[in-house]
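Hi everyone, thanks for making time this morning. I'd like to walk you through a structure, one piece after another, so please have a look at it on the screen.

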Amino acid sequence: MNRKEFISKLGVGAAFVLTTPCIIGCTKDSANTPDELEVDFIVDLNEFDSLRSPGSFIITNNIVVANNIDGQYIAATQKCSHEGLNQVKYDKFADNWECTAHGARFAQDGDGLNANGSGGLTTYNVTQDGDMLRVFS
Ligand code: FES
């Protein structure tokens, strides 16, 4: 093997070694967003006492769980459809979801309310059994 052949083979091998972990890593990361996973978890109100107050919210498991101004529990992904940032919160003054990154707004059912929110928002079901809230897709 001459020098040219050696460098040529090294280049192909190095490119494979460098790109393979990135491809595997990127695929794994994107699969872990709440939008792509089956969501089903319990929120114990004894651990999140503030959530008993209308207009409040918590963020757990990358999901925003809110008690809206009417006292109903609602939930949505924290990941905004605009640029994918995890900055969605519940806005008690507007009684809907907002992304603090660029102002996207979403109705409680996830419908977009402005241009940045036009992609909509994934929302989840919430049922209550005593002090336990079940959040699920
Ligand atoms: S990422 Fe949410 S408004 Fe841009």
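Let me begin with a question: over how many bridges do strand 8 and strand 9 pair, and in which sense? They pair over five bridges, in the antiparallel sense. Before I go on, please keep in mind that this is a predicted model.

If you find strand 9 at residues 132-136, you can look for one of the partners across the two strands: valine 126 has valine 135 in strand 9 as its bridge partner. The two strands form a hairpin, with two residues between them. In the turn you will see glycine 130, which has a positive phi of about 65 degrees.

Now let's widen the view. Strands 8 and 9 belong to an open sheet of six strands, and the order across it is 1-9-8-4-3-2, with antiparallel pairing. What stands at the edges of this sheet? Strand 1 (40-44) and strand 2 (56-60) do, and each has a single partner strand, so one side of each is left without a neighbour in the sheet. On average, neighbouring strands of this sheet are turned by 25 degrees against each other, direction ignored.

Let's step through the middle of that order. Strand 4, residues 73-77, is joined to strand 8, residues 123-129, by two bridges, and the two run antiparallel. Here alanine 75 has tyrosine 124 in strand 8 as its bridge partner. Strand 4 also pairs with strand 3 (residues 63-67), in the antiparallel sense and over five bridges. On that side, isoleucine 63 has threonine 77 as its bridge partner in strand 4.

For those of you who think in side chains, a quick reminder. In a regular strand, side chains alternate between the two faces of the sheet.

Back to strand 9 for a moment, and to its surroundings. Arginine 134 lies over the face of phenylalanine 136, at 4.1 Å from the ring centre. Phenylalanine 136 also comes up in a long-range pair: its C-alpha is 7.6 Å from that of glutamate 38, although the two are 98 residues apart in sequence. Glutamate 38 itself is in the loop between helix 1 (3-30) and strand 1. Is glutamate 38 buried or exposed? With a relative accessibility of 69%, it counts as exposed, because the cut-off for exposed is over 50%. Its side chain also has a polar contact of 3.5 Å with the side chain of serine 137.

Next, the other sheet. This one is open too, with three strands in the order 5-6-7 and antiparallel pairing. Its edge strands are strand 5 (88-91) and strand 7 (105-106), and each pairs on one side only. Strand 5 and strand 6 run antiparallel and are joined by four bridges. Among the residues involved, tyrosine 90 has tryptophan 97 in strand 6 as its bridge partner.

Those two names come back when we turn to the rings. How many aromatic pairs does a search of the whole structure find? It finds one. That pair is tyrosine 90 with tryptophan 97, edge-to-face, at 5.9 Å centre to centre and with 75 degrees between the planes. Tyrosine 90 and tryptophan 97 are both buried.

Staying in strand 6, let's look at asparagine 96, in the strand that covers residues 96-99. Asparagine 96 has a relative accessible area of 9%, so it counts as buried, the cut-off being under 20%. Its side chain makes a polar contact of 2.9 Å with the side chain of arginine 105. Looking past its sequence neighbours, up to four places away, asparagine 96 touches several residues, including Tyr90, Phe106 and Leu113.

Last stop: the loop between strand 4 and strand 5. Cysteine 80 is found there, and at 4% relative accessibility it counts as buried. Beyond four places in sequence, cysteine 80 touches Leu85, Val88, Cys99, Ala104 and Phe106. For Phe106, the C-alpha to C-alpha distance from cysteine 80 is 9.7 Å, with their positions 26 residues apart in sequence.

Glutamine 78 is in that loop as well, and it counts as buried at 10% relative accessibility. Leaving aside neighbours within four places, its contacts include Ile59, Ile63 and Val88.

That's the tour; thanks for listening!

Key
Residues numbered from 1 in each chain as written. Predicted model: local features only at pLDDT ≥ 70, side-chain atom pairs only at ≥ 80, totals over all residues. Heavy atoms only, no water. Buried < 20%, exposed > 50% of the residue type's maximum accessible area, 1.4 Å probe, protein only. Polar contact = N/O pair within 3.5 Å; in protein donor to acceptor, adjacent residues only side chain to side chain. Contact = heavy atoms within 4.5 Å. Pairing = 2+ DSSP bridges. Phe/Tyr/Trp six-rings, centres within 6.5 Å; stacked < 30°, edge-to-face > 60°. Lys NZ or Arg CZ within 6 Å of the ring centre and 35° of its normal. Axes fitted to C-alpha atoms, helices over the stretch in contact; angles between N-to-C directions.
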